[in-house]
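Open the model in a viewer and keep the sequence panel visible. The tour moves from stop to stop, with a selection to make at each.

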Amino acid sequence: MSAPLWVSAFRPFYLLGALYAPLLMAVWAGAYLGAWGVPSSAMPLGLWHGHEMIFGFAAAIITGIVLTALPSWAGTREIHGRPLALLTALWLAGRLAWWAAPSLPPLVVAVADNLLFPAVFVMVAPQLLRAANPLYLLLLPVLAALSGANLAFHAGLINGDTALAALGLRAGVYAVIVLYVLKGGVLTPIFTGNALREKGRGEQPPFRLTLDVAAVALVVLLACFDLASAPSAATGAAALACTFIHGLRVGGWQGWRVADVPLVLVMHLGFAWLIFAFALKAVAELTGFVPETAWLHAFTVGSLGMMMLGLMTRVSLRHTGRALQLPKAMRIAGVLVFAAALVRLAASVHELDAWVVAVAALLWTSAFAIYLSRFGAMLLAPSLARSGGGKR
């Protein structure tokens, strides 16, 4: 199986994720505005939307990012060809089962929708166990957590327990945040250092292991408090600690020194939204001045949206043999994601009309549609010959 699509994981998963985003948002926005229902009409719309954002769209992009990065960073073998086609088929099986849910037994839907992350785990675990750097093993509990969260979500649906389903969904969000902090917290400062050297501005600031460990540990603590319904004071204090520690960590990367390098700036903006999300969580828990959902939208729309768009662009350029120069269209896409996050957050905080939420969805969708129009053909075509190497 030598077709370009199956050469590297970013190709099928970025393509499918970018194709799925407009479909998902169009169906959800129409249902939100009351124009039509969703395939699983018996399920609360928020759960339907949240599940597919995390375990549908985000799962595709995350899989593409992780499996493409591991060979360069951890020295693992590239997953390509038939194994990659199998993973792609498992993602598609989950989506088809999800959309056909009203006509399928719930258990069948649950099984089909829970195949991807265990399969990724099985494929990468033996290689990570042999990797020189044992820190890459941290990916395994994150994959297990994502799978467990999805299982909890479906268990809630099968038993008619929407509270359990919502808990599983929130656990999935926290698993994504942990992966974000781990992987983004390595790539962002390293790419910042690369940009600084290329600009003749010196070296990247050194990693501060204490801050890195504290950043991950505090997210796990916040997740435990939130998922266990701990007192608001405890959860709010953990969120406030996350805000402070992540602010120190990200500030130490000195992103302002590469503000003129859009491919790196977008990653720093993603972390800025993450810090803001933690701050909103703290305010919601400690004062109630903002709705609790505000922090989720700040992370999923703003932070995750910015980082995904940045990494998808960077990987697509780099791994198809092209120069790391951000196309003008992708600059517009980045602005659209940032604007979508602002509009969605305003709608949450001020309880604005449904059409405002629809505008945010349109802005966000347009950004990924631009990515698809700019890179879709590249993902299907052979890579160009490139010079040089390294982790860029």
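Select Tyr32 in this predicted model. Its relative accessibility is 35%, and Tyr32 therefore counts as partly exposed, since that class lies between the 20% and 50% cut-offs. Tyr32 belongs to helix H1, residues 10-32. Now add Leu33, Trp355 and Val359 to the selection: together with Tyr32 they make a nonpolar surface patch of about 400 Å².

Next, select residues 45-73, which form helix H2. H2 has 29 residues, and the distance from its first C-alpha to its last is 39 Å, close to the 42 Å expected at 1.5 Å a residue. Where does H2 kink? Centre the view on Ala58, where there is a kink of about 45 degrees. Turn on the surrounding chain as well: 25 of the 29 residues of H2 are buried, so the helix is largely enclosed by the rest of the structure. Past the end of H2, pick Gly75, which follows the helix and has a positive phi, near 75 degrees.

For the last stop, go to the loop between helix H9 (232-251) and helix H10 (262-286) and select Trp253. Is Trp253 buried or exposed? Its relative accessibility is 6%, so Trp253 counts as buried. Display its contacts, leaving aside neighbours within four places in sequence: they are Gly184, Gly185, Thr188, Pro189, Thr192, Pro205, His268 and Phe271. To finish, draw a distance between the C-alpha atoms of Trp253 and Gly185; these residues are 68 apart along the chain, and the separation is 9.5 Å.

Technical notes. Residues are numbered from 1 along each chain as its sequence is written. This is a predicted model: local features need pLDDT of at least 70, side-chain atom pairs count only at pLDDT 80 or more; totals for chains, interfaces and linings use all residues. Side-chain values use heavy atoms; hydrogens and water are left out. Helices (H or I, at least four residues) and strands (E, at least two) are DSSP runs, numbered from the N terminus. The expected span of a helix is 1.5 Å times one less than its number of residues. The bend at a residue is the angle between axes fitted to the seven residues ending there and the seven starting there. Buried means under 20% relative accessible area, exposed over 50%, partly exposed in between (1.4 Å probe, protein chains only). Patches are made of residues with over 30% relative accessible area and no salt bridge: like charges are joined within 9 Å, nonpolar side chains (Val, Leu, Ile, Met, Phe, Trp, Tyr) within 5 Å. Accessible areas come from the Shrake-Rupley method with a 1.4 Å probe; for residues, only the protein chains shown count as cover. A salt bridge is a side-chain nitrogen of Lys or Arg within 4 Å of a carboxyl oxygen of Asp or Glu. Contact means heavy atoms within 4.5 Å.
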